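Reader: Could you walk me through this one before I set anything up? I would like to start with the metal site and then move to the sheet.
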Amino acid sequence: MLQAKLVAPEKISLENVEIPTPGKNEVLIKVKVCGICGSDIHSYKGKHPFVHPPIVLGHEFSGVIHRVGGGVKNFSPGDRVVVEPNIVCGKCYNCLHGRYNICTNLKVIGCVGYDGAFSEYIVVPENKVLKLPDGISFDDAALVEPLAVAVHAVRKSGQKIGDRVLILGAGTIGLLTLQVANLAGAREVIITDLLSYRLEKAKNLGADKVINPELEDLVELIHKEYGKEGIDLIYDCVGIDKTISQAIQIARKGTRIMVVGVPEEKIRIDLSLIQDRELEIIGSLMYIREDFTEAIDLVQKEKIKADSLVTHHFKLKDIEKAFRLVTEGKEKVLKVLIQVTD
Ligand SMILES: [Zn+2]
Ligand SMILES: [Zn+2]
């Protein structure tokens with residue numbers, strides 16, 4: 001089978017390897033479609049804090065069960081599936097308290113300690129596999145994972161009906177968070193990005209106001225427009241120095257800030273403002289099963305426009321072109337899907 005392995009920063013090698021055999025409680029999946037995630041791009045550039053090549057990337061995927069191990073009861077060949085890619089120990093404090101997304105011994109398929117789905121076949125534990133309902137295409141199913149990230153962030157934020165919400169960053173996660181925040185009853189959603197085509201997309205997907213902080217003074221504009229009421233809840237879907245400091249400056253007393261984007265480097269924050277304004281800064285990592293099943297449901301019921309985020313398709317053999325397209329930033333890119341097998 002063909003697999004694309006990241007062997008060094010910005011170097012992917014296409015290799016022909018043996019198709020793996022599933023163990024007792026594992027399944028072998030023929031991968032159909034796998035999306036390129038922001039974190040794959042961090043890894044590709046050699047900037048992901050926890051990813052070290054050589055590794056096969058890819059964790060946003062859909063496929064078909066090809067073979068099952070002897071102990072597998074719930075799946076059989078031909079089942080259409082998606083995979084929740086966090087592999088957890090089930091024994092640590094957080095696993096035992098329902099928060100396995102922050103398992104002490106967390107491995108992530110295609111990211112940390114486990115080869116991913118830019119590969120024609122992949123073996124995964126049965127308990128991380130979910131059947132796809134009829135009517136969801138393999139392309140749409142590849143968006144379930146990033147959608148689960150947004151569902152988890154909104155759930156964890158404790159967003160209330162009628163909250164005024166600000167989202168920093170209109171990439172895939174920002175645009176999915178926008179849609180989920182609206183479904184959760186936001187009074188108003190404001191979203192920022194430096195790229196006008198992304199803001200355009202955000203408007204089409206239900207943003208009430210879009211702001212390009214390169215063209216307008218974001219902090220001033222928000223304070224002027226929303227005065228004392230200000231913003232109830234901020235989702236930082238970028239996670240860089242600039243966006244975190246924007247969030248802290250924009251926050252009124254008592255605002256909650258969700259850190260959803262993966263910071264590439266250490267960021268300094270003004271703790272005096274956190275203390276003085278009783279700000280809450282909360283991290284959000286991946287998802288748990290209920291977020292994942294909710295994401296499948298939202299896609300199936302077409303409450304989320306998954307396909308409208310897809311801008312490009314590539315074959316597995318052209319994966320390096322796909323990564324270069326995203327990193328070069330010359331084209332209008334949102335979600336890029338790799339058609340791994342036909
Ligand atoms: Zn992802
Ligand atoms: Zn654990």
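Author: What follows takes the metal site and then the sheet, and the model is a predicted one.

Reader: Which protein atoms are the donors of the zinc ion (ligand 1)?

Author: The zinc ion (ligand 1) has as its protein donors Cys 37 through SG, His 59 through NE2, and Glu 60 and Glu 145 through OE, at 2.2 to 2.7 Å. Along the chain these donors follow the spacing C-x21-H-E-x84-E. His 59 and Glu 145 link distant parts of the chain, since they are 86 residues apart, with His 59 in the loop between helix H1 (38–44) and strand E4 (60–68) and Glu 145 in helix H4 (residues 144–157).

Reader: And are His 59 and Glu 145 buried or exposed?

Author: His 59 is buried because its relative accessible area is 3%, under the 20% cut-off, and Glu 145 also counts as buried, at 5%.

Reader: What about the geometry of the zinc site, with its 4 donor atoms?

Author: The site is irregular, with angles among the 4 donor atoms of 81 to 163°.

Reader: Switching to the sheet, what is the order of its 6 strands?

Author: The order is E12-E11-E10-E13-E14-E15, in an open sheet with parallel pairing. Strand E12 (209–211) and strand E15 (280–283) are at the edges with a single partner strand each, so one side of each has no neighbour in the sheet. From one strand to the next the twist averages 20°.

Reader: How many bridges join E10 and E13, and what packs on the sheet?

Author: Strand E10 (residues 164–168) and strand E13 (residues 233–236) pair over 4 bridges, and Val 165 has Leu 233 in E13 as its bridge partner. Helix H4 packs on the sheet, touching E13, strand E14 (256–259) and E15, and its direction makes about 155° with that of E14.

Terms used
Residues are numbered from 1 along each chain as its sequence is written. Chains are lettered from A and ligands numbered from 1 in the order in which they are written. This is a predicted model: local features need pLDDT of at least 70, side-chain atom pairs count only at pLDDT 80 or more; totals for chains, interfaces and linings use all residues. Side-chain values use heavy atoms; hydrogens and water are left out. Donors are N, O and S atoms within 2.8 Å of the metal (3.2 Å for Na, K and Ca); water is not among the atoms, so sites may look incomplete. Four donors count as tetrahedral if all angles lie between 85 and 135 degrees; four count as square planar and six as octahedral if opposite donors are over 155 degrees apart and all others between 65 and 115; anything else is irregular. Helices (H or I, at least four residues) and strands (E, at least two) are DSSP runs, numbered from the N terminus. Buried means under 20% relative accessible area, exposed over 50%, partly exposed in between (1.4 Å probe, protein chains only). Two strands pair if DSSP finds at least two bridges between them. Axes are lines fitted to C-alpha atoms, for helices over the stretch in contact, and angles run from 0 to 180 degrees between N-to-C directions. Contact means heavy atoms within 4.5 Å.
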